[in-house]
Every structure is written in C-alpha cells, then in structure tokens.
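Q: Please take me on a close look at one part of this structure, step by step. I am in my first year, so a connected tour would suit me well.

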Amino acid sequence: MKINFIQLFTLFFLLVTSRLAQAQQSYALKPYAITLPRVTTPQQTNPATVPQNAGNLVYNTTEQKVAVNNGSQWEYLATAGDVGSQFANFTVFNYTSENAQQLWTIPAGVTRFLVEAWGGGGGGVKYLGSSNVGDCRGGASGGYAQKLYAVQPNGPASVSVVVGRGGSGTTVTGNPGSAQGGGASQVYYPFTNNYLFAGAGNNFAGNGGITFVPSDGFRPLTMPGMEASVCIPLSYVQKDASNYIITVKMSDGGTAYGVPPGRGGIGNTVMLQNNSTASGNLVFIGWGYLGENGLQDGSFPGGGGGCGYYGGGNGAPGMVIIRW
C-alpha cells in the first residue's frame, strides 16, 4: 500500500499533536520565562510520555509543583510554604539556660535537613508617666529564620543549637526601663562562622534583628520580629463638672512570625480619672489599675510581653525545630 504526501503529513501532524497533548506543553514563551512540560502524575511516571532520565524537569499539574528526576525517582522542588512537609521527622529544642549549647546528631543516611529558629521575645515595661501620653510599651518579638542545609561530605556529625531566652518584664518595684530584651537563637553548621541567626526581641519599641552568614548556596527565609503596639487612649469622657475619665489600652507585645496574634502579650486596659481635688493630676482607678487582669506574657515562641501599669509581662523564649 502506498502512502501519499497528504497522508504522510496528516500522520505526522497527528503524532506531534498527540505528544503535545500528552505533555500539555505551552508553545508560547514570554520574554525571560521558561515553560516546562505540564504533565499529570501518571504521565510523569510513564516512560512512554516522559523520559525517566536524571536531570529532566517537568511541572506536575496534579501536585502543582516542579519535579526533577534524580536518575532513580522524581523529587519535588520545595517552596517556602511547603518545604517542611517534605520531611517526615523532626525534633524540637527549647530554652534551657543562657547560651547553653544543645547538639543534634545527624542520623545516618540523611543528606539534607531543614532548620526553623525563633529568637526570644522582649519583656514588657510598666507604665511611665502621669497621663495618657505616658510611655507603656510591650516587648518586641524575636525574629524568625529558616534554612535548608545540605549535609557536608566528611563534615561534622552534629549540629549545635543555642535557643534564646525570653526577656523578663519590669517588676513591680523595678525601674520602668529595666525590662529585659530577649536572647537570639543560633544554629551552627558546618562550622562556627557559618550560622543561622534569629535575632532577639527588644525590651521596648523595635524589631528582632536577623543576620545570616551564608556559605553553601542555600538561601534562608528570614523575618524580623514584630514591634509592640502603641499605647492608645480608647475613650475620653467627662464624668461630671470636675472629673474626666480616660480609658487607656496599654501596649501589646509583638507577635512572632508564624504565631496567630492575640494569644499572649496583651497589655492591660486601665482607666484614668482627673480629679480636681488632686490638683488636676490624672490617677489610675478601676479595672486594670491593680493588675486584676494579670500580666500577660508573650505568645510562644518568641512573642513579646505586654505592658501593664504596675509591671510588664515576660517575653516568651525562642525555639528551634530541625526536620529531616
């Protein structure tokens, strides 16, 4: 049977369009963009559809991730949001004492591991001033850092971890500015001058600092700590001809990255009254004056303590999680 040119062209066209349909590959590239073959999971693992060779890249439409073949299987490239889900195991390091080093021994066969670190939050101050314009700041939260490490050939067998403390809030008898800042959390691997650093929260306005010394090509995700909220008068009313009442919300502590807000470090709410018999001075009265609602410590991990009239809440300590 003879095949003419039209039949041959039709056969070639059907073959090409069939392959394109299987790979779902876009033929239009925008400037500075690369379009990968788009395949489902069954297509990705089918040698008839996708060559199973090391180094091949595809976009898996089922998983909505980029996959790379390592020669024996497909691995999915992680994003900042799902990188932790690739690891089945984890261990948590909590604060024990100031600058105490804790060790994690790298299990046999592990080629990479993920580190998350939160610095300790700062303590809240107590109210300073005699009116609603006085200063009452909570503590700032500690910073956050995340990094994916490659295990170094012939490198150290363990990772050194230091977890930052939470800063103490101002005590009842302490100076308003004596609240303590938090401590930084640090992870050292593979040597002492290459470390991940989640900064400490300040004891009043200011962010938790973040610094990092990269050397292995894996870039970290870093987030600064959150500042404390400002001290805001919520209402101002005239009680009678001689007395005015102001309700003041003291400053909340900062909330660390990844922790839902409002779970700790809440500043006191107090009332001030201007009494003409007291030479016009504003004095605290009512709910919150004697700390009836308690001092609020920072949310764990790394949150800043809230501000109160008689004292400040403590900052929460930091934390380090290693996943592998």
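**A close look at Ser185**

A: Let's begin at the tip of a side chain: a polar atom of the side chain of Ser185 lies 2.9 Å from the backbone nitrogen of Gly164. Please keep in mind that you are looking at a predicted model. The side chain of Ser185 has another partner too, since one of its polar atoms lies 2.7 Å from the backbone oxygen of Trp118.

Where does Ser185 sit in the fold? You will find Ser185 in strand S10, which covers residues 185–188. Ser185 counts as buried because its relative accessible area is 0%, and the cut-off is under 20%.

Now look at what surrounds this serine. Leaving out residues up to four places away in sequence, the residues that Ser185 touches include Ala117, Trp118 and Gly119. From other parts of the chain, Val162, Val163 and Gly164 are also among its contacts, as are Leu196, Phe197 and Ala198. Gly318, Met319 and Val320 complete the list.

Let's step from here to strand S9, residues 158–162, where Val159 lies. Val159 is another buried residue, because its relative accessibility is 0%. Once neighbours within four places in sequence are set aside, Val159 is in contact with Val187 and Tyr188, among others. Its contacts also include Leu103, Phe113 and Ile322. Leu103 is a nice example of folding at work: Val159 and Leu103 are 56 residues apart along the chain, yet their C-alpha atoms are separated by 5.6 Å.

Val161 is worth a look as well. Apart from residues up to four places away in sequence, Val161 touches Phe93, Ala100, Gln101, Gln102, Gln186, Val187, Val320 and Ile322.

What do these valines belong to? Val159 and Val161 are members of the largest nonpolar core, which has 18 residues. They are among the members that touch the most others, together with Phe113, Val115, Val187, Val320 and Ile322. Two or more residues of this core come from each of strand S7 (112–118), strand S8 (144–150), S9, strand S11 (195–198) and strand S18 (319–323). The most come from S7, which gives three residues. A second, separate core has 10 residues, including Tyr127, Cys136, Cys231 and Met250. As a general point, nonpolar side chains tend to be buried together in soluble globular proteins.

For another serine, turn to Ser251, found in the loop between strand S15 (244–249) and strand S16 (269–274). Ser251 counts as buried, with 0% relative accessibility. A polar atom of its side chain lies 2.9 Å from the backbone nitrogen of Gly138. The contacts of Ser251, leaving aside neighbours within four places in sequence, include Cys136 and Cys231.

Finally, zoom out to the whole chain. It has two helices and 18 strands. Of its 324 residues, 40% count as buried, Ser185 being one of the buried residues. Long-range links are a big part of the picture: among contacts with a separation of 6 or more, 59% join residues 24 or more positions apart. The chain exposes about 17,000 Å², and carbon and sulfur atoms supply 57% of that area.

Conventions. Residues are numbered from 1 along each chain as its sequence is written. This is a predicted model: local features need pLDDT of at least 70, side-chain atom pairs count only at pLDDT 80 or more; totals for chains, interfaces and linings use all residues. Side-chain values use heavy atoms; hydrogens and water are left out. Helices (H or I, at least four residues) and strands (E, at least two) are DSSP runs, numbered from the N terminus. Buried means under 20% relative accessible area, exposed over 50%, partly exposed in between (1.4 Å probe, protein chains only). A polar contact is a pair of N or O atoms within 3.5 Å; within protein, one must be able to donate a hydrogen and the other to accept it, and residues adjacent in sequence count only if both atoms are side-chain atoms. Contact means heavy atoms within 4.5 Å. Accessible areas come from the Shrake-Rupley method with a 1.4 Å probe; for residues, only the protein chains shown count as cover. A nonpolar core is a set of buried Ala, Val, Leu, Ile, Met, Phe, Trp, Tyr and Cys residues joined through side-chain atoms within 4.5 Å.
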